[in-house]
Structure formats: structure tokens, C-alpha cells
Amino acid sequence: MPGSEELPAVEEQQQAEFYACILEPGGGTTQQDAAYVGQRRLLLYRKALSGNLQRQMWKCNGRGYVAYREYIRQCKQWDNSRPTSPLSYPGDSGRWSGSPFPYDRSSGNNSRGRPSVSSFNGPRTSFGSVTESETLSYQHEPGYSFVGMHCIFDDIKASVNVLRFGHLSSDLLAFGAADGSLVICSVAQPPRILHHLKGHTKEITDFDWSLNNQCLCSSSLDKSVRVWSVEKGSCLRVIYGNAAQMCIRFHPLNNNFLLVGHADQGLTVINFSTGRVLHRLSVESSITAMDTDHTGHVLFAGDSQGGIHSIKVDMHTGAMAHGHRTSKGIQRKSPATSVQFRTFSLLAGGPVLLVANQDGSLRFFSVAMEVDGYLSLKCSLKLPPRARNIRASFCPLLSLERGEFIVSGNEDTNVYFYDFTRPKRPCVNKLQGHGVPTVGVSWNHGENLLATSDCEGVVIVWKRARDNDN
């Protein structure tokens with residue numbers, strides 16, 4: 001080692017000897033005890049020295065615990081023989097892809113040197129690696145083939161809790177953050193940020209696109225609802241309430257109506273052209289997530305107790321009326337983090353509703369639209385409880401072939417894909433690329449791009465392989 005580094009090395013060795021001496025047993029009275037003490041002291045010295053060397057390498061790599069953890073994981077994989085499986089490996093063309101090193105936002109790029117907003121149009125490659133235990137744990141579907149990361153956005157320095165592609169859009173994406181920022185971007189080549197909307201002073205809890213993608217409506221903990229112009233990037237209207245605004249939707253057929261869920265146990269219908277509240281409906285607890293059917297006649301609202309309300313909405317007057325409420329499939333009171341409606345499912349033979357709760361429950365309901373949106377629990381999955389509001393989404397096109405697939409973030413930094421038709425082994429695979437808990441997921445209209453967001457503000461857009469490439 002160079003002379004400038006000899007002194008730290010000597011200090012590390014002295015620390016190792018010191019720790020070994022502290023941990024060794026007391027001196028013996030016989031020659032046999034002395035031999036035992038010597039052997040134990042040697043082993044403890046080697047162990048302490050190994051720990052010091054590893055900690056020294058951790059300090060010197062410049063990337064903190066995440067890089068240190070990945071370094072140790074890679075070392076273990078080099079020692080093991082590479083298993084033979086359909087999963088992807090570095091340098092191979094695999095079915096799944098994910099970065100073997102999490103995105104490092106401290107340097108503005110990831111470990112492979114990719115820029116913060118960039119596209120990847122090279123040959124089909126794999127960015128992931130797995131162990132033999134993962135090979136035995138996950139099953140693989142032909143439709144679930146990803147070729148890598150399409151682009152990355154990391155301009156936001158706060159948690160991106162909600163993101164959504166434009167209505168029937170393949171390249172228009174928006175995401176809202178905990179610092180009140182709302183970003184509109186395009187994932188078409190070249191990927192770029194179109195507008196950075198500022199106005200909310202607290203966390204953005206939800207937002208929605210208008211039918212023609214010309215407007216955005218957003219709700220926030222600052223007790224306000226805002227309507228934005230997508231083309232100009234300006235705020236068109238601000239509507240203040242008496243409590244935190246938890247979720248929001250445009251009425252699908254009458255975009256002049258905003259459906260808003262509040263923290264003060266209520267729902268309102270607002271005419272955003274005039275800013276007037278047309279109707280208010282009281283419920284048992286705070287509304288935390290919502291979605292509507294394709295006609296807008298029924299609003300499905302999840303509350304802070306885990307219940308799901310089916311509420312009738314008049315598209316002409318905005319009047320609301322109670323329909324049904326169910327709390328089936330949930331063992332304890334837990335707020336709903338996402339609610340999503342789908343018009344058809346092979347598993348249910350009709351419209352369905354996906355509900356994710358903070359306690360880790362994923363519930364799959366069959367919807368009887370002829371009975372005002374009555375919900376019947378078809379199946380559910382119980383995942384580990386979560387500390388964050390992690391969202392889930394259907395995989396509509398892939399579910400038309402077989403199974404009933406959904407995608408969800410997780411606090412272990414991975415993005416997981418589940419199949420409701422496999423209750424014993426529901427996880428079909430995962431994407432690896434984020435370095436912190438993943439909270440938001442969203443498909444584009446063509447379902448060839450999947451956007452995911454994490455707690456540090458990194459948004460990754462994954463590119464799915466074409467069917468003829470599988």
C-alpha cells in the first residue's frame with residue numbers, strides 16, 4: 001500500500017487485536033486451557049480483522065450501505081455456480097430484467113452510468129441476476145418479458161407517491177410527489193420533462209387526467225384541489241376545502257365534474273368551471289382511494305377502515321346516493337391505498353375491482369353493475385403489512401391470455417407480479433432496479449411500458465418485450 005495509507009492499515013490491525021483480546025476467555029491454569037485460549041484468540045483475531053476490512057471497504061466505495069450490500073451479494077453469487085433457469089443473467093437475453101445495482105441518485109445516475117433522464121434503445125439485454133433459491137420460488141409467464149429500462153426520471157427529490165399515464169396514451173406520463181410537485185413528462189424519444197407544476201404546499205395525494213388529456217386535476221394534504229392545463233403547464237383553478245383532500249377523479253363522461261374524497265368523512269362533486277360544490281355525501285370514515293366504472297354511474301370509494309363503498313352518481317346533476325358497502329377479505333381495519341376498476345375479467349366473467357390496503361391485503365371483487373355496483377369477493381392475497389401507501393394495478397392485456405395478473409410495489413425495493421389464480425404460489429416474478437421502497441406503479445395504454453416510482457423520487461419506465469420476441 002502507499003505510504004499515506006500505511007497508518008490507517010496499522011490502526012485497523014491494532015483495532016482487530018484489541019477486539020480479539022476483549023472477546024477471548026479468561027486465562028487457564030493448565031497447559032490444555034492455555035492451548036484452547038490461544039486457538040480461540042487466533043480465530044477471534046481473524047474474525048475481527050475480516051470485519052474491519054469489510055467495513056473499511058464499505059467506507060471507501062463512496063456509495064454507502066446499498067452499494068456495500070450489493071457488493072456482498074455479488075461476491076456470494078460469484079462463489080456459487082450459476083443455476084440453469086429461464087431467468088435473466090448479466091450479459092444474457094433473459095425473460096426478465098432489472099438492474100443488479102440499485103439506482104444511485106446521489107451521483108445523478110445509476111451504477112452503469114446512465115443519465116437521469118435517458119432512453120435505452122440498444123440490443124435486447126438483461127440487467128438482472130438471481131440465486132438458485134429464487135429460481136425455485138418464481139414461475140414465469142411467456143407474456144412477462146422485459147427488455148430493460150426505457151428511461152429514468154430523477155428530478156424530484158421527494159417520495160413520488162402517485163404516477164399515471166395519460167388517458168389512452170402510450171407516452172404521456174405524470175407523477176406527484178410528497179413535496180407538492182407535479183411533473184408532466186413524455187416518454188417518447190427522446191424522453192423529456194414537459195412541465196413542472198408548482199402550487200401545492202403539501203403532499204399530492206392523487207391526480208387524474210381528463211378524457212382528452214388536456215387537463216389534470218390534483219388533490220393534496222394542503223386542503224386544496226387544483227386543475228391544470230397540460231399544454232400550458234399553468235393552474236386553471238384552485239378550490240379550497242375544510243380538510244385534507246385524499247383522492248380525486250374526473251367524471252369519465254362529464255369532465256366538468258370532479259369527484260373528491262376527503263379526510264373529514266365525506267365525498268363531494270365539484271363543478272370545476274365554476275368552483276361550486278354541487279353535492280356532498282357523508283360516509284362513516286375518511287375516503288382514501290377511489291375509482292369509477294367506465295360510465296361514471298358508480299363510484300367505488302375505499303375508506304380508512306378498509307371498507308369499499310359503491311356510490312351511485314348522476315352524471316347530469318352530480319347527485320350522489322349510497323349503494324353498498326363491504327369489508328370482506330380484510331381481517332383488521334386498514335386504509336385502502338388504491339382502488340381500480342376494470343370492465344372485464346376472464347376469472348370473474350365480468351367487471352372486477354382491485355383493492356390494495358396498507359395491511360398488505362390485495363382483494364379481487366366481482367362487480368354486479370345491474371345491482372348498483374354490488375361487490376362479491378372472488379379471491380384475495382395477504383402480503384406483509386406495509387408502512388407506506390403502496391399501490392397496485394391490474395395487468396389487463398396479459399390477463400386476457402391466462403390467469404389474473406396484477407403488479408405492485410414493495411418495501412423491499414422490488415416490483416412484484418402476482419397471479420390471483422395461484423393462491424399457494426402467487427408471485428410470478430419481480431423487477432429489480434430501485435434502491436428504496438417502491439410505492440407507485442402504472443401501465444401505459446399499450447401495456448408495453450410500466451412506470452414505477454420510489455420513496456426517493458426516482459421514476460423508472462420499464463420496456464416490455466413484444467409478444468413475437470418471447
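A salt bridge is a side-chain nitrogen of Lys or Arg within 4 Å of a carboxyl oxygen of Asp or Glu. Side chains of opposite charge can pair when their charged atoms come close.

Before you start: this is a predicted model, in which local features need pLDDT of at least 70 and side-chain atom pairs count only at pLDDT 80 or more, while totals for chains, interfaces and linings use all residues. Residues are numbered from 1 along each chain as its sequence is written, and side-chain values use heavy atoms, with hydrogens and water left out.

**Exercise 1. Find the partner of Arg 388 and describe where the pair sits.**

Step 1. Arg 388 forms a salt bridge with Glu 411; their closest N and O atoms are 3.3 Å apart.

Step 2. Now place the two residues. Arg 388 is in the loop between β21 (374-382) and β22 (392-394), and Glu 411 is in the loop between β23 (405-409) and β24 (415-419). The pair links distant parts of the chain, 23 residues apart. (Strands, E, of at least two residues, and helices, H or I, of at least four, are DSSP runs numbered from the N terminus.)

Step 3. Check the accessibility. Buried means under 20% relative accessible area, exposed over 50%, and partly exposed in between, with a 1.4 Å probe and protein chains only. Arg 388, at 34%, is partly exposed, and Glu 411 is partly exposed at 26%.

**Exercise 2. Work out which parts of the chain the salt bridge of Arg 325 and Asp 303 ties together.**

Step 1. The side chains of Arg 325 and Asp 303 meet at 3.2 Å, N to O.

Step 2. Arg 325 belongs to strand β17 (residues 320-326) and Asp 303 to strand β15 (residues 298-303), so the bridge ties together parts 22 residues apart in sequence.

Step 3. Compare the two ends. Arg 325 is partly exposed, with a relative accessible area of 35%, whereas Asp 303 is buried at 0%.

**Exercise 3. Follow Asp 206 from its salt bridge to its sheet.**

Step 1. Asp 206 forms a salt bridge with Arg 164, with 3.6 Å between the closest N and O atoms. Asp 206 lies in strand β6 (residues 204-209) and Arg 164 in strand β2 (residues 160-165), 42 residues apart.

Step 2. Is Asp 206 buried or exposed? Asp 206 counts as buried, because its relative accessibility is 3%.

Step 3. Look at β6 itself. The strands β6-β7-β8-β9, in that order, make an open sheet of 4 strands with antiparallel pairing. (Two strands pair if DSSP finds at least two bridges between them.) The edge strands, each pairing on one side only, are β6 and β9 (234-240).

Step 4. Zoom in on one pairing. Strand β6 is joined to strand β7 (residues 215-220) by 5 bridges, and Ile 204 stands opposite Ser 220 in β7.

**Exercise 4. Describe the surroundings of Thr 438.**

Step 1. Thr 438 is in strand β26 (residues 438-443).

Step 2. Thr 438 is buried, with a relative accessible area of 0%.

Step 3. List some neighbours, where contact means heavy atoms within 4.5 Å. Leaving out residues up to four places away in sequence, Thr 438 touches residues including Ile 390, Gly 409, Val 415 and Asp 454.

**Exercise 5. Count the salt bridges and the disulfides, then look at two cysteines.**

Step 1. The structure holds 10 salt bridges.

Step 2. There are 0 disulfides, a disulfide being a pair of cysteine sulfur atoms within 2.5 Å.

Step 3. Cys 247 is buried at 1% relative accessibility, and Cys 379 is buried at 18%.
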